[in-house]
Amino acid sequence: MKILIVEDEESLQKSIEKYLTAEGNICSTASTYQIALDKLAVYDYDCVLLDLNLPDGEGLQILSYLKRTNKAEGVIIISARNSIDQRIEGLRLGSDDYLIKPFHLSELHARILAVVRRRSANGQRHITFNELRVDIDGKLVFVNDKIVFTTKKEFDLLLYFVANKGKAISKSAAVEHIWGDDADMADSFDFIYTHIKNIRKKLTDAGCKDYFQSVYGVGYRFASS
Amino acid sequence: MKLFSRYNHILILISFVGLIVIGFLFYQTLTSYLNRQIDKDLVEEIIEVKEFSEKNLFYEPHEFENLNVIYKKIARINGDSIYGDTLYYNPTKQVTESSRFLKTQMMVLKQPYEVFVVASKFEREEQIKSICLIILIPVLLLLGVVLLVNRLLLRKAWIPFDQMLKNINNFNVNRAQPYDSVEAPIKEFAELNKVLLDLSLKIKSDYNEIKLFTENASHEMMTPLAVINSKLDTMLQSNILGKEDGEALADLYKATSRLTKLNQSLLLLVKIDNDLLQDTEQINVKEVIEEKISHFQELLNGQNLSLVTNLTNVDLIGSRQLIEILINNLFSNVIRHNYQNGSIEIILNKERLIFKNTGHGAALNPDKIFERFFKDKSSDGTGLGLAILKQICNRQNYGLVYSYHDYQHVFEIIFNTKS
């Protein structure tokens, strides 16, 4: 996938670039409004990550530009402003998602995949990982084509890990993915452990290999080795 | 005590004490003056007795009923004349009266006699009474009028003050109109009004500045937090971290997420303060609660909390976001401050929403718990959850009451409070 990162905070830009490139994407960066416009005029991207507060212009104008020129890019706004109005304005101007800073890179990646998938008519509706297959539209999990019943949260969590396969995901990122703003609940980190234990059991019972690896006690990685 | 009553009490007290003292002195002066008059009459009588005696006659007053002269024969003359008050039975009038007497010893018809001249004071005393009344009644009337006029005038004069008090009580930093100015004809009150107006404007502008500062500071912190978060995520991908690094990372993640949550809560408070969440729609509270129950199911199960609900269908008009945050925070609170195998009870009806939970510790101070950053030492929350709850209730005009019953913390939200 080709991704354009429009973000003026250089260290954040670098982190995003590094993470997404490691996922096999081709990343391009723009620190200013002008550079972003120039790049968008010349190249096509699958997804644009757009910070709204740029030093030389308002990010929302890039959205209007994309809409005006009928560009097919998926756009995810990454903003420090958690404002309903701005969110609505962004969606009205054609953004596909709105991610509030600070966010986890694994969350960003999962969102990018979801946006790209939604936008492409013949996009992937399944994610396959060896004997495991996740049906995104039907919210179903299959092991060797045999269905495994999961709760909604277990499905979301599994999809999150599979989408970020091979990457270490911190418990805090997983908790925030599942519980969103309520993630400050005491001891909620332990529930991720319980959830993962349950998913592991269901998958291994169905004959799937155990792909969850603990990472330094900080998080987990979904990988085959 | 009201200034007016206090002033009146003192005024009445002084007036009455003054009246009594003056009345007493007045009465004393009058009495002694009249006594001297009577004494003079008595002396004249004695002179009459002497004159009659020289004509070899006993003087008997007849023209005056109020005067009697009594002769008593004695062995020899010794002692002086005595003036005095006595009760005397007047045989002519056949009544006992308060009287003035003069007792003296003298030679009458060359014989030693004790002469006792007694004069009734009855009429004189009546005179004194009349004089006193004639003076006292108008004075009392005047005092009454003064008090009445005082009361009316003061009441009228204090009207602007009462209004100012009411307005400053209604003053709310969040409302557009800071303080309703009051027209006051009295200079002091007009000055007070001006000071109140200036003060309220100053408070309002300071408050707005603080809000703006909080908002900006919180926003500015979000980008560095995003950098920290992304760097942590990147570091986590490294394969060369040791066990200690892992622990450090875990702590960093926790601290970052706490800081983020704190920031978000502050921003939310500012937003509620600024009325930025004013979308209104009809919300089925029962549905929201049931949704949240399934949302928090794992957390409930994790502590093995028993949940009892008694929910009726209630529709509220309000901001969905606010209602969701409200219920979220209530849930968050009853789960966070519960203990293993504890219980939660949720009651929803047309009038109120009640969350009860078992928890460590005794009753909390209901005046303190809704303050920002109030939390017990064991809590690792932001200390803003209940403050947000309070703020939302204020915005939606709901009542919010905390109480402690049967070892349970009870949070009660009363819809439709009329005020």
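**Exercise 1: a salt-bridge network in chain B**

B:Arg100 has a relative accessibility of 11% in this predicted model. Does that make B:Arg100 buried or exposed, and which residues is it linked with in a network of salt bridges?

*Solution.*

Step 1. Start with the cut-off: buried means under 20% relative accessible area. B:Arg100 has 11%, so it counts as buried.

Step 2. Now look for a partner of opposite charge. Side chains of opposite charge can pair when their charged atoms come close. Here B:Arg100 makes a salt bridge with B:Asp85, and their closest N and O atoms are 3.1 Å apart. The pair links distant parts of the chain, 15 residues apart: B:Asp85 sits in strand S2 (residues 82-90) of chain B and B:Arg100 in strand S3 (residues 95-108) of chain B.

Step 3. Check whether B:Asp85 has another partner. There's also a salt bridge between B:Asp85 and B:Lys121, with 3.0 Å between the closest N and O atoms. B:Lys121 lies in the loop between strand S4 (111-120) and helix H2 (122-170) of chain B, while B:Asp85 is in strand S2 of chain B, so this pair ties together parts that are 36 residues apart in sequence.

Step 4. Compare the surroundings. B:Lys121 is buried, at 7% relative accessibility, whereas B:Asp85 is partly exposed, with a relative accessible area of 47%.

Step 5. Put it together: B:Arg100 is in a network of salt bridges with B:Asp39, B:Asp85 and B:Lys121.

**Exercise 2: a salt bridge within one helix**

How many residues apart are A:Asp205 and A:Lys201, and which helix are they in?

*Solution.*

Step 1. Find the helix: both residues lie in helix H8 (residues 188-205) of chain A. They're 4 residues apart, which is about one turn of the helix.

Step 2. Look at the side chains. They meet in a salt bridge, 3.2 Å from N to O.

Step 3. Check the accessibility: A:Asp205 and A:Lys201 are both exposed.

Step 4. For the wider picture, the whole structure has 26 salt bridges over all chains.

**Exercise 3: strand S14 and its neighbours**

Which way do the residues of strand S14 (residues 219-222) of chain A point, and which strands of chain A pair with S14(A)?

*Solution.*

Step 1. Recall the pattern: in a regular strand the side chains alternate between the two faces of the sheet.

Step 2. Apply it. A:Gly219 and A:Arg221 point one way, A:Tyr220 and A:Phe222 point the other way, and all of them are buried.

Step 3. Find the neighbours. Strand S12 (residues 168-170) of chain A pairs with S14(A) in the antiparallel sense over 3 bridges; A:Ile169 has A:Tyr220 as its bridge partner. Strand S13 (residues 212-215) of chain A also runs antiparallel to S14(A), joined by 4 bridges. There, A:Phe212 has A:Phe222 as its bridge partner.

Step 4. Look at the turn. The hairpin of S13(A) and S14(A) has 3 residues between the strands, and A:Tyr216 takes a positive phi near 50° there.

**Exercise 4: backbone oddities**

Which residues other than glycine have a positive phi, and where is a cis peptide bond?

*Solution.*

Step 1. Go back to A:Tyr216: its phi is about 50° although it isn't a glycine. A:Tyr216 is partly exposed, with a relative accessible area of 27%.

Step 2. Try chain B. B:Phe373 has a positive phi near 65°. You'll find B:Phe373 in the loop between strand S9 (352-358) and helix H8 (385-396) of chain B. B:Phe373 is partly exposed, at 47% relative accessible area.

Step 3. Now the cis bond: it joins A:Lys101 and A:Pro102, with omega about -5°. A:Pro102 is in the loop between strand S7 (97-100) and H5 of chain A.

**Exercise 5: the second largest pocket**

Which helices of chain A each supply at least two residues of the lining of the second largest pocket, and which classes of residue does that lining have?

*Solution.*

Step 1. Get the volume: the pocket holds about 410 Å³ of space.

Step 2. Count the lining. There are 18 residues, and those nearest the centre are A:Ala110, A:Ala114, A:Arg117, A:Arg118 and A:Leu159.

Step 3. Name the helices: H5 (105-119) and H6 (152-163) of chain A. H5(A) gives the largest share, 7 residues.

Step 4. Sort by class: 8 lining residues are nonpolar, 1 is polar and 9 are charged.

Technical notes: Residues are numbered from 1 along each chain as its sequence is written. Chains are lettered from A and ligands numbered from 1 in the order in which they are written. This is a predicted model: local features need pLDDT of at least 70, side-chain atom pairs count only at pLDDT 80 or more; totals for chains, interfaces and linings use all residues. Side-chain values use heavy atoms; hydrogens and water are left out. On a 1 Å grid over the protein atoms alone, a cavity is a set of points where a 1.4 Å probe fits but cannot get out, and a pocket is an open set with protein on both sides within 12 Å along at least five of seven lines; lining residues have an atom within 4 Å of a point. Grid points are joined across faces, edges and corners, and a volume is the space filled by probe spheres set on the points. Ala, Val, Leu, Ile, Met, Phe, Trp, Tyr, Cys and Pro count as nonpolar, Asp, Glu, Lys and Arg as charged, and the others, Gly among them, as polar. A salt bridge is a side-chain nitrogen of Lys or Arg within 4 Å of a carboxyl oxygen of Asp or Glu. Buried means under 20% relative accessible area, exposed over 50%, partly exposed in between (1.4 Å probe, protein chains only). Two strands pair if DSSP finds at least two bridges between them.
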